[in-house]
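Biologist: I have a new structure open and would like to learn how to read it. Could you take me through some features, one at a time?

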Amino acid sequence: MKRLPLISTLFLFAMALITLFHEASQGAIRITEIHSSNSPLVTFRVVLRAGEINSPAGKEGLNALTAYVIAQGGTQELSYQQVVEKLYPWAANINVQVDQEITTFIGTVHRDHLDAFYKLFTDLLLHPRFDESDFSRVKDLGLNYLKNSLRSTSDEQLGKQALNTMLYANHPYKNTEFGTVQGLTTSTLDDVKAYYKKTYTQGNFWFGIAGGYPKSLIEKIKTDFSMLPEVPFSEVTLPKPEPINNLEVMVVEKPARAFAISMGHPLSLTRKEKDFYALLVANSYFGEHRTFNGVLMNRLRGDRGLNYGDYSYVEKFVGGVGSGNVFPELNTPLRQQFFSIWLRPVQPENTHFAIRNALFEFKNFVEQGLSKEDFEKTKKFVLNYSKLWAGTLSRRLGYQMDSEFYGTEYFIDRIDKELKSLSVEEVNAAVKKYLDYKNVKIAVVVDEGKGNEIMNSMISNMISPIKYASPVSPNILEQDKFIEAFQLSINKEESKVVKANELFEK
Amino acid sequence: MRFLLYLMLCLVPFALVIARGSDESNKIFPYPINQVTLDNGLNVISIPFDSPGIIAVWTVVRAGSRNEVEPGKSGFAHFFEHMMFRGTEKYSKDAYNEMLKSIGADNNAFTTDDYTAYHTLASSDALETILDIESDRFMNLKYTEEDFKTEAGAILGEYNKNYSNPDMTIYEKLRENAFEKHTYKHTTMGFLKDIQDMPNQYQYSLTFFDRWYRPENCALIIVGDFEQAKLMELVKKYYSNWKRGNYTLDVPLDVPQKEEKTINLPWKAKTLPQVSMGYRGPGFNDKEIDMPAMDVLSQVLFSETSELFNKLVVEEQLVEYIYGGQQDHRDPELFMVDARVKDKSNIERVRAEIDKAIEQAKTTPVSAERLASIKSHMKYLFAMGLDNPNGIARTISHYVQLTGNPESVNNIYSLYEKITVEDLMGVAKKYLNKTNRTTVIMTQEEGQQ
């Protein structure tokens, strides 16, 4: 095959597959389509413009509960088990992804079975069975996720969710995507039916489709979804997140062998803003997810062997915990984003040092920014790397819909466009403008009975030498002397020690 | 169906075909496979795929935790995978990372029981750079003892990050008890005491590299947009000087299990009870019916369309989930059955239902319609994973590490087509017996809220 320069060939990779791409917003239901006549598969990403923020007070989790009863339930014609049996020989799948602002129903099928699959998929959405048995099974799943999985068996996810509750304490984003234990417990099948009736409307549905489908299907989708109530989409109003005053710490106690740490603060920009792309480059330099590019990874893991990984993010990034995907997640857009640092579990005795080390690097990053050389290298990396993110039609569709959510052009193209004209001065100015190492919320998951010890150590700025299993070089030890005494301004009044069982309760 | 294939569920193909029975399409794998063996024994497999400008380069080392035959060395294959990122004289760790960064590559590695894979996804234009830096580290890896010790901390961190999930401990206990001699007795992470001793094993790490990171024990797999002649020219340029090794592995095989083993595992943190059972099953073989028959049997017994799933998950809702199946391994490993039980009082009831379903599978033939549905499911599921260069490289790597031959993928799916109801009852009788089984029952410790 002929070779073109790197950037353009990668760009063509995505485009070459596509024979038609447009947003068909005329008609009642919004449709985003990527048609590729030579693709044997068809992917659906049907977005409901409602998420956990739409769950009513006292019924937190109702959005997720409703979505799962639909996606893992039956249709009016078929029971759940009959749906499963239909899908099985085609190896077709129907999944749902719940989030704060949107809920996404995802289906994939070989086009050999498109017609029958489409009927099933849309029957689930338009004519759900709402069987009591499906409801109780799904409700058990949700409650077990909150009470056992999140609070107990995934410390890293617990740390991330604990940070979320801190960042958005009095804000619609405050709950997990699955709500709260009490909200789920008190929700009934009648609540689900009422939520469905109110929320699953023409104005809220947004149909995404990609692959080798017949064009006539688009008209059918419009007709089929026109049966839903014609209620226009209306957004939940979001207040500004509360300001952070110095370092606010929440230590979460549960049985734990090693201690997980998440920290961050809200950000006042998203993919729509130009400065986001400056931060994207800066963040790649500081903490690119699951690579050895980042400062955090090299200083904490590479030099010191503190843990398995250390990363940072300029928007919600759910991949990485229990997910093999290393590229930015699809269909989890937020109107208000946040910056975060994720330290994977460290040995208990090094917890205070690890927090200091991360904040020390964060301070240096904000104050010093990137050198011209680091900037050029990182910009080149992000330009090339981002071209790998949309490697399938399904992923391209997901990024396209997210771009439309943010009101901007296709994400990967926007990165290309913005980065090509970006300067190191713009990047460093954006870092100083948006990132704040002084006012940060920190969630730490520790072993039972260790909370006060960690908290007191942090509040009193006790010297916290790192304990190495084996010697490191003298220059690292030299720097450690400074880091172990690095002063942290903990806001004692806003900091607390809690039990994991107290989180996500109501 | 194998776990590997489940992992591919999220992928969407754009160039796959489903075999329909003609001579030409009898092979499940729809793309041409080029295979060349260099004089030094390196197995070079290249698969052209319509991904303009993108290429996946995988290096498969046929050494995993199965190779850790010496006491005190469990987890070493995985540890060594980490050390492979620590640089050479030509390209230091930082220089290696800088080169990857400059080409914008997605680059990582993983270790399993039987093999270790190093994978890079990048622009086709970066092919020579990738082959240069990859061949260099496979031939000339060099790290200091200090680097070695520091990396041991990251390994412990990896163990720690997994530890809060009880599944890891359950699997550790299951294997430790199910095997007597075979290295499958430990997980790929290794025994904790061996992980803690890793900083002291610098000399052994040099031995490990010398034994296994040799061309005759490796395969280079390239998928995507490349020109074959140019590719082979570059491969010869960068890999021809790699010297063969001469170490032979002698993995101690276990004698057949004679009695059932049951382990009660209390868990300190909050969790639902879990029942995990491992039956000593067959090893992978693409010429014998046992392993593929076990795969189909796992669908009969435990898929979402099985009677047992319907009863326990959907109708009576006694368990949150149940699944069963066996991953491909070079030597006989475990056919696993896992169930997360909602209420402790139902553990025995759930175990009895599983036993009942298994006993029934030994004597009651599955219907022809059901068998056809399962075969269709497996075929479509396989095809749906082949949508991108990395997915294809992963699939081929899996079969190459098992047999050295990428055609094993076609062989095994050809065997699936031939499986009869008698085969299913046959392997159920042969392998799924209580005397052949180890069970771990994990429950939350008393007093935990």
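Modeller: Gladly! Keep in mind that this is a predicted model. Let us begin with A:K222, which has 17% relative accessibility and so counts as buried, the limit being under 20%.

Biologist: What does the side chain of A:K222 meet in a salt bridge?

Modeller: Its partner is A:E219, with 3.4 Å from N to O. A:E219 has a relative accessible area of 48%, so this residue is partly exposed.

Biologist: How far apart are A:E219 and A:K222 in helix α9?

Modeller: They are three residues apart in that helix, which spans residues 216-225 of chain A, so about one helical turn separates them.

Biologist: How many salt bridges are there over all chains?

Modeller: A search of the whole structure finds 62. One of them joins the side chains of A:D131 and A:R129, at 3.5 Å from N to O. A:D131 is partly exposed at a relative accessible area of 26%, and A:R129 is also partly exposed, at 32%.

Biologist: Which residue meets A:R344 in a salt bridge?

Modeller: That is A:E156, with 2.9 Å between N and O. This pair links distant parts of the chain: A:R344 belongs to strand β10, A:E156 belongs to helix α6 (residues 155-167), and their positions lie 188 residues apart in chain A. The pair also appears as a polar contact between side chains, again at 2.9 Å.

Biologist: Are A:R344 and A:E156 buried or exposed?

Modeller: A:R344 is buried, with a relative accessible area of 2%. A:E156 is buried too, at 8%. Strand β10, where A:R344 lies, covers residues 337-346 of chain A.

Biologist: How far is A:R344 from A:A260, in sequence and in space?

Modeller: They are 84 residues apart in sequence, yet 5.5 Å apart in space from C-alpha to C-alpha.

Biologist: Which residues are linked with A:R49 in a network of salt bridges?

Modeller: A:E101, A:E235 and A:R335 are linked with A:R49 in that network.

Biologist: Now for the rings. How many aromatic pairs does the structure hold?

Modeller: There are 65 over all chains. One of them is the tilted pair of A:F44 and A:Y118, with 6.2 Å from centre to centre and 40° between the planes. To read a pair like this, check where each ring sits: A:F44 is in strand β3 (residues 41-48) and A:Y118 is in helix α4 (residues 114-126), 74 residues apart in chain A. Both residues are buried, A:F44 with a relative accessible area of 0% and A:Y118 with 3%.

Biologist: Which residue forms an aromatic pair with A:F276?

Modeller: A:F276 pairs with A:F411, and this pair is tilted as well, at 6.5 Å from centre to centre and 55° between the planes. The two are 135 residues apart, A:F276 in helix α10 (residues 274-287) and A:F411 in helix α15 (residues 411-420) of chain A. A:F276 is buried at 0% relative accessible area, and A:F411 is buried at 1%.

Biologist: Where does A:K160 lie with respect to A:W342?

Modeller: A:K160 lies over the face of A:W342, 3.8 Å from the ring centre. In chain B, the charged end of B:R137 sits over the ring of B:F85, 4.5 Å from its centre.

Biologist: How many residues of chain B are in contact with chain A?

Modeller: 81 residues of chain B are in contact with 78 residues of chain A. Together the chains bury about 6,700 Å², 55% of it on carbon and sulfur atoms. Between them there are three salt bridges, including one from B:E151 to A:R301, whose closest N and O atoms are 2.7 Å apart. There are also 25 residue pairs in polar contact between the chains, counting both at pLDDT 80 or more.

Biologist: Which element gives the most to the side of chain B that touches chain A?

Modeller: α5(B) gives the most, with 13 residues. Among the other elements that give two or more residues are α3 (93-103), β4 (106-111) and α13 (368-384) of chain B.

Biologist: Is A:N63 buried or exposed?

Modeller: A:N63 counts as buried, at 0% relative accessibility. This residue is in helix α2 (residues 62-71) of chain A. Leaving aside neighbours within four places in sequence, A:N63 has contacts that include A:L48, A:E52, A:D99 and A:Y195.

Notes: Residues numbered from 1 in each chain as written. Chains lettered and ligands numbered in written order. Predicted model: local features only at pLDDT ≥ 70, side-chain atom pairs only at ≥ 80, totals over all residues. Heavy atoms only, no water. Phe/Tyr/Trp six-rings, centres within 6.5 Å; stacked < 30°, edge-to-face > 60°. Helix = DSSP H or I, 4+ residues; strand = E, 2+ residues; numbered from the N terminus. Buried < 20%, exposed > 50% of the residue type's maximum accessible area, 1.4 Å probe, protein only. Lys NZ or Arg CZ within 6 Å of the ring centre and 35° of its normal. Polar contact = N/O pair within 3.5 Å; in protein donor to acceptor, adjacent residues only side chain to side chain. Contact = heavy atoms within 4.5 Å. Buried area = accessible area lost by both parts, 1.4 Å probe. Salt bridge = Lys/Arg side-chain N within 4 Å of Asp/Glu carboxyl O.
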